[in-house]
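This briefing walks through a single protein chain, beginning with the vocabulary needed to place a residue and moving on to the overall dimensions, an enclosed helix and two individual residues.

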Amino acid sequence: MPCTITFVGTIARWLPEDPSVIRAYHHNHISRLIERGICTAEGGVDERQLSLVILEFKKLIEENAEIYRDFNEMFAQVPPNPNPDQDSITNYVQLLAVLDMTIALAPTYSFTSPLVSGVPMYGVLAPFCNTEAGYRAFTNSKVNSMFHKIFDEWTRFLVSPASRNVLVITEGGWFSPDALKVQDERLGMNFAEAWVCRPDQPHMGFTSWDDFFVRRFREKVRPTIEPDNPEFINAACEAITYRVVSDVQATDQFWLKEMPYSLDHILNYDPLASQLVGGTVFQAMLSSLDYHRWHSPVDGRVVAAHVIPGTYYAARLDDNPDPDVVSRSQAFVTAISTRALIFIESDNPNIGLMCFVGVGLGEISTTKVEVKQGDVIKKGDEIGSFHFGGSTHLLIFRPETKLTLLPGPTDPNEARKVGSLLFHVDNPPVN
């Protein structure tokens, strides 16, 4: 029996819809590399100035025939830049040089494109994600292993005090007037009132870019609603609702246009998955500009918790010129991307076993699980977090659990608040 989409929300965005914004983003990167003498206007690169991890990536590309083919063909498959006055990334060595520059910097804020600010590497790679050659390259296990090494290098910088150079009030800083205005508007309150920080200290007291990125709400800003009522399931993340699907199959053709969920692939053929077949999946997307910690939606006990390695920039190909192809693919990627699985046995027998799935995408593939098998958790307890960008998550329930999705924000582009009421459990209480 095919699955049934019971609610359709919003495809939240990581990148702006206008391709010219990404072209300008690429132009700015290449212009800076030309100014530094790393790239030439003709497309050349001074490889002596590239880091060791990037040179290792270049070696992998050139020594593997299939990868070499794909990293060349993807440039031929990207639509050309119609603006002759802009520099473009024209070959894989230039692309590697841009990635090298990216991992030496913390993300800066750009008022012209706040979305790209949170996912700078995706902004570089996005045009290539929606090409056949790019898909082949970004699903290659050796390429993904190299991306993992690159992210490890970037992580070392982003958790260091040096990465605080963007946590400033000047232009491009995350505490500049433009940046704070956007962040205040998203929250409906002042930044310092919402987040745990020390406004009187340098960098508002944050110890690194990562410390800023995974910042916590102040007490009572996001209370857990109805914490003692087992008939309600609460929002696990601050996220924009994408869709709710029932009658989910064990295996399904997740690559089709409708992107049905394929539980065995999502859950990596975990033996517990069989209990969830035919059940309900809720999916919602986190913005790179918002809150990135996960909280338990129910009272219960952790049955299992682990991380499944996967892809970083693979997406479902389409003919849409909108560069944000990964966001459009957020159901598809649940089967192939890096993801954290947390199985929880709820104290409410009408809920029983459920699973939280944190899907890491792109530079956001660092998923940190904070619980382990056997842990007893309450609604609202922190269970993990995403690092370095936005991402998407699933809540998966058994077919025996009868659910009603509760009203969310009136604006479909607004995130449901973490800890707010998400579902009502419609089964009669068990005495």
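Helices and strands are here DSSP runs, of at least four residues for a helix and at least two for a strand, and they are numbered from the N terminus. In those terms, D347 belongs to the loop that joins strand 7 (339–346) to strand 8 (353–359). The model is a predicted one, and its protein chain contains 13 helices and 14 strands.

**Overall dimensions and surface**

- The radius of gyration of the protein chain is 22 Å, and this agrees with a compact globule, because a globule of 431 residues would be expected to have a value near 22 Å.
- Taken along the principal axes, the box filled by the C-alpha atoms of the protein chain is roughly 75 × 55 × 35 Å.
- Of the 431 residues in the protein chain, 57% are buried, while the area that the chain exposes comes to about 18,000 Å², with carbon and sulfur atoms supplying 53% of it.
- Among the contacts in the protein chain with a separation of 6 or more, 76% are between residues 24 or more positions apart.
- The protein chain carries 36 positive and 53 negative side chains, and the centres of these two sets are 3 Å apart.

**Helix 4 and its surroundings**

- Helix 4 (residues 92–102) is largely enclosed by the rest of the structure, because 11 of its 11 residues are buried.
- The buried residues of helix 4 include Y92, Q94, D100 and T102, together with V93, L95 and L96.
- The cover over these buried residues includes helix 1 (19–35), helix 2 (52–63) and helix 3 (65–77), and also helix 6 (120–129) and helix 8 (141–158).
- At the start of helix 4, the backbone nitrogen of V93 has a side-chain oxygen of N91 within 3.1 Å.

**S31, a buried residue in helix 1**

- S31 is found in helix 1, one of the elements that cover the buried residues of helix 4.
- S31 has a relative accessible area of 17% and therefore counts as buried, since the cut-off for that class is under 20%.
- Between the side chains of S31 and D87 there is a polar contact of 3.4 Å.

**D347, an exposed loop residue**

- D347 has a relative accessible area of 54%, so this residue is classed as exposed, the cut-off being over 50%.
- Leaving aside residues up to four places away in sequence, D347 touches D299 and G300.
- Although D347 and P230 are separated by 117 residues in sequence, their C-alpha atoms are 7.9 Å apart in space.

Notes:
Residues are numbered from 1 along each chain as its sequence is written. This is a predicted model: local features need pLDDT of at least 70, side-chain atom pairs count only at pLDDT 80 or more; totals for chains, interfaces and linings use all residues. Side-chain values use heavy atoms; hydrogens and water are left out. The radius of gyration is taken over C-alpha atoms; the globule rule is 2.2 Å times the number of residues to the power 0.38. Buried means under 20% relative accessible area, exposed over 50%, partly exposed in between (1.4 Å probe, protein chains only). Contact means heavy atoms within 4.5 Å. Accessible areas come from the Shrake-Rupley method with a 1.4 Å probe; for residues, only the protein chains shown count as cover. Lys and Arg count as positive and Asp and Glu as negative; His and the chain ends are not counted. The place of a charge is taken as NZ of Lys, CZ of Arg, CG of Asp or CD of Glu. A polar contact is a pair of N or O atoms within 3.5 Å; within protein, one must be able to donate a hydrogen and the other to accept it, and residues adjacent in sequence count only if both atoms are side-chain atoms.
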